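Here's a quick tour of one protein chain, written for a first look. Have the picture open while you read.

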Amino acid sequence: MTAERARITVFDTTLRDGEQSPGCSMNRQEKLRLAQQLDRLGVDVIEAGFPIASDGDFESVKAIASVVRRPIIAGLARACRPDIERAWEALKDAARPRIHVFLATSDIHLQYKLRITRDQCVAQAADAIRFAKSLCEDVEFSPEDATRTEPEFLCRVLEAVVEAGATTLNIPDTVGYTVPAEFGDLITTIRQRVKGIENVVISAHCHNDLGMAVANALAAVAAGARQVECTINGIGERAGNASLEEIVMAMRVRPDRFAYETGVVGEQIFAASQMLSEITGVPVQPNKAITGRNAFAHEAGIHQDGVLKNPLTYEIMTPQSVGVPDSKLVLGKHSGRHALGIRCEQLGYQFDRRALDDIYRRFVRLADKIKHVEDHHLLELIRDTHKPSGSATPLIEKIVPPQAAVVNAPAVTPESAPEPTKPFPVGPQTNAFGVPLPGHGDSHHEQTQQEDYLWGV
Ligand code: KIV
Ligand code: ZN
């Protein structure tokens, strides 16, 4: 009999904390596209941005709130009225809005950054939560720099915000300073000392300055946290945030140690990682766990031999379980549109027939030159083909209404325009074994099927 597993809420902050990392800023269209992929990935909460930070971010949060309807959409606000009002303005059309309020609590932040006393800090936090709660039922509070805050004082602030109506208490290790046992103990202390804690969700938000963000987040979960805040590819301020894919797969690969479950669809992880990297132009470190290009590569002879005999010899999870394209599917000049289309989908792109034809023509020319077309070549080619439309919008499943789809279609330039359809040089209409193909009528459907066949589908 398998033991009951606790459900962990996955709070993705790629579009907020992740976006704050150098070189990772995204415009509205890019954020919306990634938010739709996060939805497919099955995250529970998308932190879409920091609405007061800029008009662009405000518009991004607003757009995501109105288009992405399944997950909770959160917006960040400092503990002051203008921030909270702006966040609510951006979020109010969401199906499930959340206002996320933060205020630093460590002495070093109070003294040097905020220049307020501890008493002022408690009052400001509680006032802010009361105001946020008057606008939105779902309110999260984060005591910034919690892990360098005196625990006694931290519990005092937390108790005040629970009383004011906070529904999630997020505990940030803002500077990536804590270590797993210590962070687990802090969560235990909070659970023991904060009045009303049983009515709220405890969350962990870990940074990676000492390379322990994922270990710290898992330690918090083991101590009773039920939400983890994380980002795709672990992007984020400085050394980044805890990586979503690493947390989720640690739970999946080691249920004996981490008996928790999430709503994440493992097979969508690689597409999310590739899309983020393509949008930001920031490549994934090759040896990055789960999503790096070497994560499932075996070069050493002994390893190759073992993996060929039984993949379990050197693989603790299958590449397919995280959506990494089957490495046996080598793309070269003999590949057809079917294989190309599948690989594009695995990389996070879905093309309609004409767009795929267009990509395919360029792909064949490239394959002629370089033999094996790797994923990064293909991504470059896709980007290049759809250059005029910026971030290649049409690629992902369209959820826009038909009229809007026309607006979002890739701009057709002489370069990217599909060649006029010519009668296809089909010759004798037989299949690969010389058997005549059924029906030689000239309907578009039949021609399309023959094209598929002849193009190597
Ligand atoms: O790291 C941090 O403290 C944050 C808060 C705003 C949650 O990102
Ligand atoms: Zn952070």
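In this predicted model, let's start with a pair of facing residues: H205 sits opposite E229, a residue of strand β9. The pairing behind that match joins β8 to β9 (residues 227-230), with the two strands parallel and three bridges between them. To get from β8 to β9, the chain passes through helix α9 (residues 213-222), making a right-handed β-α-β crossover.

**The other neighbour, β7**
- Strand β7 (residues 168-173) also pairs with β8, again in parallel, and this time there are six bridges.
- Want a spot to look at here? Find N170, which has S203 of β8 across from it.
- Helix α8 (residues 180-193) belongs to this part too: together with β7 and β8 it forms a β-α-β unit, and that unit is right-handed.

**How hidden is β8?**
- Strand β8 covers residues 201-206, and five of its six residues are buried, so the rest of the structure largely encloses this strand.
- Remember that β8 has β7 as a parallel partner and β9 as another parallel partner.

**Zooming out to the chain**
- If you count up the elements, the protein chain has 17 helices and ten strands.
- Out of its 457 residues, 42% are buried.
- How far apart in sequence are the residues that touch? Take the contacts between residues at least 6 apart in sequence: 70% of them link residues at least 24 apart.

Conventions: Residues numbered from 1 in each chain as written. Chains lettered and ligands numbered in written order. Predicted model: local features only at pLDDT ≥ 70, side-chain atom pairs only at ≥ 80, totals over all residues. Helix = DSSP H or I, 4+ residues; strand = E, 2+ residues; numbered from the N terminus. Buried ≥ 20, exposed ≤ 12 C-beta atoms within 10 Å, placed from the backbone. Contact = placed C-beta atoms within 7 Å. Pairing = 2+ DSSP bridges. Right-handed = clockwise from strand over helix to strand, strands pointing away.
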